[in-house]
Amino acid sequence: MKSTLAILIMGLCLVLRGGSALADGKKLVVVVAKGSPVTNVSRGDLKRAFTGESVSVAGKTLVPFNANPGTPERTGFDQAVLGMSPDEVGRYWVDRKVRGQSAAPRSLPSAAHIAKVAAKFPGAISYLPEDQITSDIQPVQVDGVPYTDGHYNIVAQ
């Protein structure tokens, strides 16, 4: 009886933990320089900017910067915003290169680099884990939803 109860409790803990895995993922906050007129961006505009199209929001041409490929941040962003897996993203950029189209956004090696570039480079837009936001950058709402809202769903994987 005790072992059955222990197994049930352990199973329940695993189910509950599995159900909260998404909730435990770090939110990725879309960011720009502090004081930028860009305070809200549509998911569609983000996708277009991060797939090589020229996009202007609030009078600013967006210049996207990515996290390094293979990082949980990049994988989560690509899945949530581009709707692509890492392999699909790789094939997408190879195809564009073969066709002579625009190159992929530049990838930066760390959250600290992303924060510095987003703060200083005119029009820069990127994403960071919420615990990496600095005073030089400002969060951007996505489709009118702030990252602090429970419906915000861009998370690291």
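Where do Arg48 and Asp45 lie, and how many residues apart are they? Both belong to helix α3, with a spacing of three residues, or about one turn of the helix. In this predicted model, their side chains meet in a salt bridge, at 2.4 Å from N to O. An α-helix has 3.6 residues a turn, so residues three or four places apart point the same way. The two partners differ in cover. Arg48 is partly exposed, because its relative accessible area is 34%. Asp45 counts as buried because its relative accessibility is 18%, and the cut-off for buried is under 20%.

The overall makeup comes next. The protein has six helices and nine strands. Of its 157 residues, 35% are buried. The exposed surface comes to about 9000 Å². Carbon and sulfur atoms supply 58% of that surface. Contacts between residues at least 6 apart in sequence were also examined. Of these, 71% join residues at least 24 apart.

Nonpolar side chains are considered next. In soluble globular proteins, such side chains tend to be buried together. Here, the largest nonpolar core has 37 residues. Within this core, the residues with the most contacts are Val30, Val41, Leu46, Phe50, Leu62 and Ile154. Several elements each supply at least two core residues: β1, α3, β5, α4, α5, α6 (111–120) and β7. Strand β1 gives the most, with five residues.

Phe50 shows how one core residue is surrounded. Neighbours within four places in sequence are left aside here. Phe50 is then in contact with Pro64, Phe65 and Asn66. Its contacts also include Phe77, Leu82, Trp93 and Pro105. Ile125, Ser126 and Tyr127 complete the list.

Ala49 is placed in helix α3. Is Ala49 buried or exposed? Ala49 is buried, because its relative accessible area is 3%. Residues up to four places away in sequence are again not counted. On that basis, Ala49 touches Val55, Leu62, Pro64 and Pro105. Ala49 and Leu62 are 13 residues apart in sequence. In space, their C-alpha atoms are 6.7 Å apart.

Helix α4 spans residues 72–82. Its buried residues are Arg74, Thr75, Gly76, Phe77, Asp78, Val81 and Leu82. Which elements do the buried residues of α4 pack against? They pack against three strands listed as β1 (28–33), β5 (63–67) and β6 (106–108), and also against β7 (124–129). The helices α3 (43–50) and α5 (86–98) are packing partners too. Just after α4, Gly83 takes a positive phi of about 70°.Two charged residues stand out for their place in α4. Asp78 forms a salt bridge with Arg74, and the closest N and O atoms are 3.0 Å apart. The two residues are four apart in helix α4, which means a separation of about one helical turn. Asp78 counts as buried because its relative accessibility is 4%. Arg74 counts as buried because its relative accessibility is 7%.

Arg74 has further polar partners. A polar atom of its side chain lies 2.9 Å from the backbone oxygen of Ala67. The side chains of Arg74 and Ser107 are joined by a polar contact of 3.2 Å. With residues up to four places away in sequence not counted, Arg74 touches Asn66, Ala67, Asn68 and Pro69, among others. Val89, Ser107 and Tyr127 are also touched by Arg74.

How many salt bridges does the structure hold? It holds four. One of them joins Asp95 and Arg99, with the closest N and O atoms 2.9 Å apart. Asp95 is partly exposed, because its relative accessible area is 35%. Arg99 is exposed, because its relative accessible area is 57%. By contrast, Asp78 and Arg74 both count as buried.

Definitions and conventions. Residues are numbered from 1 along each chain as its sequence is written. This is a predicted model: local features need pLDDT of at least 70, side-chain atom pairs count only at pLDDT 80 or more; totals for chains, interfaces and linings use all residues. Side-chain values use heavy atoms; hydrogens and water are left out. Buried means under 20% relative accessible area, exposed over 50%, partly exposed in between (1.4 Å probe, protein chains only). Contact means heavy atoms within 4.5 Å. A nonpolar core is a set of buried Ala, Val, Leu, Ile, Met, Phe, Trp, Tyr and Cys residues joined through side-chain atoms within 4.5 Å. A polar contact is a pair of N or O atoms within 3.5 Å; within protein, one must be able to donate a hydrogen and the other to accept it, and residues adjacent in sequence count only if both atoms are side-chain atoms. Accessible areas come from the Shrake-Rupley method with a 1.4 Å probe; for residues, only the protein chains shown count as cover.
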